[in-house]
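Got the viewer open? Let's take a walk through this structure, one selection at a time.

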Amino acid sequence: MVKICLDAGHYADYNRSPAVPAYYESRMNWKLHLLLKAELEKYGISVVTTRADPETDLPLESRGKASEGCDLFLSLHSNAAGSGIYEDIDYVVAYVMLDGSTDELGKALSQTVAALMQTRQSPQVKTREGSRGEYYGVLRGAAAVGTPGIILEHSFHTQTRATKWLMEDANLQALAAAEAQVIATHFGLEAPQEAPPEAPAEKPLYRVQTGAFSSLENAQKQVTALQNAGFEAIIKVS
Ligand SMILES: [Zn+2]
């Protein structure tokens with residue numbers, strides 16, 4: 001069974017959008033990871049999350065390490081181009097592992113998210129190396145327990161368009177379904193089967209044949225006898 005660890009980036013009310021103040025990155029990440037969990041489970045994927053409570057923080061490396069024994073660690077985010085508003089910066093980034101283990105999936109996910117969000121710039125797949133291996137703590141944690149990891153940045157909350165898009169629950173649901181499909185395909189899992197509609201039960205017919213006659217007259221007599229007994233009876237010629 002494929003097992004995936006989902007991490008909703010940050011906690012509580014964290015990373016407020018300077019462009020749309022009602023938006024907090026942490027809240028979007030939390031909603032999206034629960035929707036994605038449900039979508040992945042439709043494919044028979046086993047999903048664990050890094051925390052049970054949105055108000056609780058967890059150190060970055062611990063988040064990655066929570067993926068021990070999983071086939072994938074995926075940390076969900078929206079990006080910031082700085083502390084101000086940058087309306088022109090609008091693209092998706094997948095940060096993948098230095099060892100190349102998530103290049104392919106990171107590319108597929110970033111392309112799918114960019115297409116859905118209709119970002120202004122093309123999606124990017126990046127790695128970042130630090131003095132202790134993976135630069136990002138969550139990926140360093142995932143690497144420490146041998147899990148291929150990805151940080152997926154759903155464009156930037158430092159601009160209005162993408163931020164407003166991410167505030168729509170229907171859009172998050174669409175993202176979850178699309179991301180789950182990409183992941184399932186990556187692991188060779190079939191699309192979930194819709195339950196077939198119940199076929200109307202056909203009323204069975206019980207046919208009884210009583211015999212064959214070389215004489216039409218005798219056949220006629222048999223029919224009459226049957227009809228007199230309350231049965232329906234017909235003559236068929238063969
Ligand atoms: Zn973030």
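Start by selecting Asp57, which counts as partly exposed because its relative accessibility is 42%. Now add Arg63: the side chains of these two residues form a salt bridge, with 2.8 Å from N to O. Keep in mind that you're looking at a predicted model. Is Arg63 buried or exposed? Arg63 is buried, at just 1% relative accessible area. So here a buried arginine, Arg63, pairs with a partly exposed aspartate, Asp57.

Why would two such side chains meet at all? Side chains of opposite charge can pair when their charged atoms come close.

**Next stop: Arg132 and Glu61**

Select Arg132 and Glu61 and look at the gap between their side chains: this is another salt bridge, 3.4 Å from N to O. Arg132 sits in the loop between strand E6 (129-130) and strand E7 (133-134), while Glu61 belongs to helix H2, so the pair ties together parts that are 71 residues apart in sequence. Switch on the surface and compare the two ends. Arg132 is exposed, with 58% relative accessibility, and Glu61 is partly exposed at 23%. Don't stop at the pair, though: add Lys65 and Arg140 to your selection, and you have a single network of Glu61, Lys65, Arg132 and Arg140, joined by salt bridges that share partners.

**Over to Arg27 and Glu55**

Which side chain does Arg27 meet in a salt bridge? Pick Glu55 and you'll find the partner, 3.0 Å away from N to O. This pair also links distant parts of the chain: Arg27 is in helix H1 (residues 25-41), Glu55 is in the loop between strand E2 (46-49) and helix H2 (60-65), and the two are 28 residues apart. Both ends are partly exposed, Arg27 at 29% relative accessibility and Glu55 at 42% relative accessible area. If you'd like to hunt for others, the structure holds 12 salt bridges.

**Now the metal**

Select the zinc ion and show what surrounds it. Which residues coordinate the zinc ion? They are His10 through NE2, Glu25 through two OE entries, and His77 through ND1, at 2.1 to 2.7 Å. Try the angle tool here: the 4 donor atoms subtend angles of 51 to 141 degrees around the zinc ion, which makes the arrangement irregular. Along the chain, the donors follow the spacing H-x14-E-x51-H. Glu25 lies in helix H1 and His77 in strand E3 (residues 72-79), so this pair ties together parts that are 52 residues apart in sequence. With the surface on, look for these two ligands: Glu25 counts as buried at 1% relative accessibility, and His77 is buried too, at 11%.

**Last stop: the far end of the numbering**

Select Leu216, Ile235 and Val237. Together they make a nonpolar surface patch of about 330 Å². Zoom in on Val237, in the segment after helix H7 (216-228). Is Val237 buried or exposed? Val237 counts as exposed, because its relative accessibility is 81%.

To finish, zoom out and colour by domain. The domain assignment gives domain 1 (3-186) and domain 2 (205-238). How many Å separate their centres? Taken over C-alpha atoms, the centres of domain 1 and domain 2 are 76 Å apart.

Notes. Residues are numbered from 1 along each chain as its sequence is written. This is a predicted model: local features need pLDDT of at least 70, side-chain atom pairs count only at pLDDT 80 or more; totals for chains, interfaces and linings use all residues. Side-chain values use heavy atoms; hydrogens and water are left out. Domain bounds come from an automatic or database domain assignment. A salt bridge is a side-chain nitrogen of Lys or Arg within 4 Å of a carboxyl oxygen of Asp or Glu. Helices (H or I, at least four residues) and strands (E, at least two) are DSSP runs, numbered from the N terminus. Buried means under 20% relative accessible area, exposed over 50%, partly exposed in between (1.4 Å probe, protein chains only). Patches are made of residues with over 30% relative accessible area and no salt bridge: like charges are joined within 9 Å, nonpolar side chains (Val, Leu, Ile, Met, Phe, Trp, Tyr) within 5 Å. Accessible areas come from the Shrake-Rupley method with a 1.4 Å probe; for residues, only the protein chains shown count as cover. Donors are N, O and S atoms within 2.8 Å of the metal (3.2 Å for Na, K and Ca); water is not among the atoms, so sites may look incomplete. Four donors count as tetrahedral if all angles lie between 85 and 135 degrees; four count as square planar and six as octahedral if opposite donors are over 155 degrees apart and all others between 65 and 115; anything else is irregular.
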